[in-house]
Amino acid sequence: MKYIIGSRGSRLALIQTKYVQEKLAKAYPEHTFEIQIIKTKGDKIQNKPLDKIGGKGLFVKEIEEKIISGEIHMGVHSMKDMPSTPAKGLVFTKVWKREDPRDVLILRTAKHLSELREGAVIATGSKRRAFQLLKLRPDLQIINIRGNVDTRLRKMEEQQLDGIVLAAAGLKRLGMEDVITQYLAPEDMISAPAQGALALEVREDQKELQKMLDVFCDEETMNEVCAERNFLEQMGGSCHTPAGARCQKTDQGYELYAMFGNEDGNKQAYTKVYGTCPEILAQTAVKNIKKQLAGIVYLIGAGLGDPGLITVKGKEILKKADCVIYDRLIPQELLDETKEGCEHIYVGKENHHHTMKQEQINELLAQKALQYDIVVRLKGGDPFVFGRGGEEAIYLADHGIYCEVVPGISSCIAAAELAGIPVTHRGISKGFRVVTAHDRRNQLSDLNFASMATSEETLVFLMGLSKLEEITTNLLKNGMDANTPVAVVSSAASTKQQTCEATLNTIHEKVKQEKLSSPAVIVVGEVVKLQKQIQKPEDTTCHLVTKIGDQPSKLAQILKDHGYKVKELQTGEISYRYDRISKEELAKVTYLIFTSRYGVHGFMRQMKSSNLDLRDLFDKKIVVVGKKTKDVLMQYGIIADLMPEEAGEINLSELMKQKVDAKDVVWYCKGISGGEKLKKALTPICQVTEKIMYENNRKILSEIPEMKDIRSVSFTCASSARRFFDQIGEEKQQWIENILCISIGEKTTKQLREIGVRHILESKDTTYVSMFYKIKESML
């Protein structure tokens with residue numbers, strides 16, 4: 001039979017494949033073995049680091065596809081390039097004896113690592129090698145290099161590099177052992193898992209071919225590679241994380257050297273373990289590495305609905321977090337509290353729709369704990385009240401990762417309280433019982449309804465809105481009085497909070513009529529009657545938020561999320577300019593300044609209409625006035641280079657005066673009006689041009705609210721203040737003298753004072769969150 005062996009086309013890949021071909025041809029002369037060269041994506045892209053284009057798997061995908069389709073019978077790969085498990089339908093055969101697994105130095109002039117000049121330049125395409133070299137010689141300069149062995153040797157000479165790092169196995173197979181300057185022992189350089197070993201990959205159903213290949217298995221290599229690859233698999237390593245594992249036979253058994261780090265190398269750990277069982281060796285090494293590397297995971301209860309219901313401790317930890325893994329119903333304001341660069345990962349679960357399974361969330365927590373110092377698992381309510389936080393804590397403990405719980409306010413008591421219902425009350429309820437109404441199969445939980453029906457406790461059912469009819473039916477069947485008061489509280493602690501009150505035999509129909517939605521809490525018991533005595537009269541006044549444009553106001557949304565009544569009023573509308581941007585003129589620009597989100601949007605629109613893209617901005621310094629503008633810029637994939645410590649035109653002017661000189665060409669991307677101070681400050685010291693991106697046009701107010709219905713008016717720019725008071729009419733003086741105005745900053749405050757407004761609160765920072773806190777302060 002003719003067997004076709006797939007191989008990459010590089011000289012090393014072909015030598016490895018020919019080695020396999022010759023071994024098989026000699027052992028099985030009755031068969032023929034032919035090599036087919038297959039071009040992979042990794043071979044086609046030679047100018048980028050592996051971790052930037054998808055990793056080592058780029059060298060195998062095309063070969064695997066041809067094995068699965070039957071075009072070829074087997075593939076020969078370097079095992080260090082292979083994932084821990086092959087593609088579906090494929091298997092690796094037993095491992096043959098491997099070549100020398102060590103890494104080596106090839107130096108241009110020096111004879112040893114220790115003899116290299118200070119600041120010597122060494123090239124490698126591997127983070128693992130780079131970080132270990134820097135551990136030995138922190139003074140070295142490490143640069144990236146790609147290409148085959150000959151290409152790398154040529155680059156070393158052409159670029160006058162001091163040296164490169166390569167694998168001994170490849171050089172020996174190529175017959176180039178003579179170029180090696182120094183072999184690096186595992187004490188100095190732990191090689192890649194399975195380095196030097198070949199991976200022979202076939203279809204799972206090709207049993208006869210597997211037997212033919214397994215004849216050449218080397219037991220010692222099998223054990224070593226098993227320990228190394230098990231370590232990598234258990235650590236969850238990828239092409240983005242530097243990982244090394246080197247196992248070797250000793251007189252007493254095996255020793256395993258292992259290392260692991262994060263992407264930027266600021267966290268690295270090393271270990272050396274001994275034993276006789278490869279699997280146990282790997283487990284021990286993983287445990288040792290995780291003890292050194294793992295950060296801390298905080299399971300934080302965020303409370304419910306209102307972001308103000310998180311604990312002080314929880315909020316302080318949240319501000320320091322490097323990564324937040326959060327659930328459904330977590331308010332955006334809490335995520336906004338995190339520091340710049342914090343990774344946010346949504347893993348929320350809804351009925352019949354889970355972003356991630358719980359097992360995957362557990363693994364994600366462990367993975368991120370190795371990557372970051374502080375990981376927050378942010379859960380609604382309390383982590384341990386039907387939140388599966390206990391499962392996450394146990395998983396982390398089993399994997400040697402320290403976990404701390406920060407309790408939260410659970411909806412089992414808070415939802416009722418916010419509706420004016422105490423879950424306990426002297427003389428009425430001696431306690432309360434909390435249960436979840438559905439099980440993991442989304443069926444009604446196996447509850448002791450007989451006990452509940454005769455209880456003197458308040459009954460609280462969580463996650464039970466869809467089971468409400470079954471709950472009431474079971475309580476009635478077991479003897480509970482049909483007139484027992486019941487309340488259903490929907491979307492507690494949010495602007496959508498709604499309470500429906502009835503009796504046990506009528507609540508289901510009433511909830512249907514009022515169209516309550518999840519999340520909801522069901523409260524059963526005499527305490528429900530206390531709601532009428534406790535609930536405060538409804539406040540009918542609202543906060544007026546002026547805005548530019550017809551999009552929903554972010555400030556209004558924050559207020560709504562905190563339970564405030566809000567009315568939005570549009571005072572202006574943005575019209576963008578579509579002037580063409582000259583590529584030649586843009587090329588001369590050294591600084592681009594943005595002082596509003598509209599300036600950013602307008603500039604990007606002009607870029608698009610001028611057939612330009614982000615590549616045309618590669619050498620520009622991007623400047624923003626504050627965080628809001630910076631965040632909008634990031635939506636386009638651009639990180640600002642400069643931003644004053646405190647937002648504002650004056651602070652921006654002072655910052656720019658320190659940075660620019662006469663040779664600098666500055667484009668100030670702005671609206672048709674404003675910005676005079678910045679232009680005046682920069683004109684004497686650099687070449688500044690105002691680029692008009694948009695106009696903020698006045699909008700006739702469609703409806704003027706009555707002042708008695710308004711608690712405060714918020715202004716996010718001076719033009720809104722001017723336009724609002726210009727259109728109020730006869731009651732203008734009454735508004736000026738009596739209404740409370742919330743100002744976003746200095747310019748807006750100045751405009752309000754010129755109008756004559758008497759009651760002004762200016763936010764600490766020019767942000768919506770800061771304005772919200774001023775409004776909250778005014779309510780005290």
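Biologist: Where is Thr-338 found?

Modeller: This is a predicted model. Thr-338 lies in the loop between helix 12 (332–336) and strand 16 (343–346).

Biologist: Why does Thr-338 count as buried?

Modeller: Its relative accessibility is 11%. Buried means under 20%. Therefore Thr-338 counts as buried.

Biologist: What makes the link between the side chains of Thr-338 and His-344 a polar contact?

Modeller: The distance is 2.9 Å. The cut-off for a pair of N or O atoms is within 3.5 Å. The Thr-338 and His-344 side chains are thus joined by a polar contact.

Biologist: Which residues is Thr-338 in contact with, leaving aside its neighbours within four places in sequence?

Modeller: Leu-318, Val-324 and His-344.

Biologist: On to the helix pair. Why are helix 20 and helix 29 called oblique to each other?

Modeller: The axes of helix 20 (residues 554–561) and helix 29 (residues 768–779) cross at roughly 50°. Angles under 35 degrees count as roughly parallel, and 65 to 115 as roughly perpendicular. The crossing of roughly 50° fits neither class. Helix 20 and helix 29 are therefore oblique. Their axes come within 9 Å, and the crossing is right-handed.

Biologist: Which residues meet there, in helix 20 and helix 29?

Modeller: Helix 20 brings Lys-554, Leu-555, Ile-558 and Leu-559. Helix 29 brings Tyr-768, Val-769, Met-771, Phe-772 and Ile-775. By class, this contact has eight nonpolar, no polar and one charged residues.

Biologist: And the whole chain: how many helices and strands?

Modeller: The protein chain has 29 helices and 34 strands. Of its 780 residues, 51% count as buried.

Key:
Residues numbered from 1 in each chain as written. Predicted model: local features only at pLDDT ≥ 70, side-chain atom pairs only at ≥ 80, totals over all residues. Heavy atoms only, no water. Axes fitted to C-alpha atoms, helices over the stretch in contact; angles between N-to-C directions. Helix = DSSP H or I, 4+ residues; strand = E, 2+ residues; numbered from the N terminus. Parallel < 35°, antiparallel > 145°, perpendicular 65-115°, else oblique. Left-handed = near helix turned anticlockwise from the far one by under 90°. Contact = heavy atoms within 4.5 Å. Nonpolar A, V, L, I, M, F, W, Y, C, P; charged D, E, K, R; others polar. Buried < 20%, exposed > 50% of the residue type's maximum accessible area, 1.4 Å probe, protein only. Polar contact = N/O pair within 3.5 Å; in protein donor to acceptor, adjacent residues only side chain to side chain.
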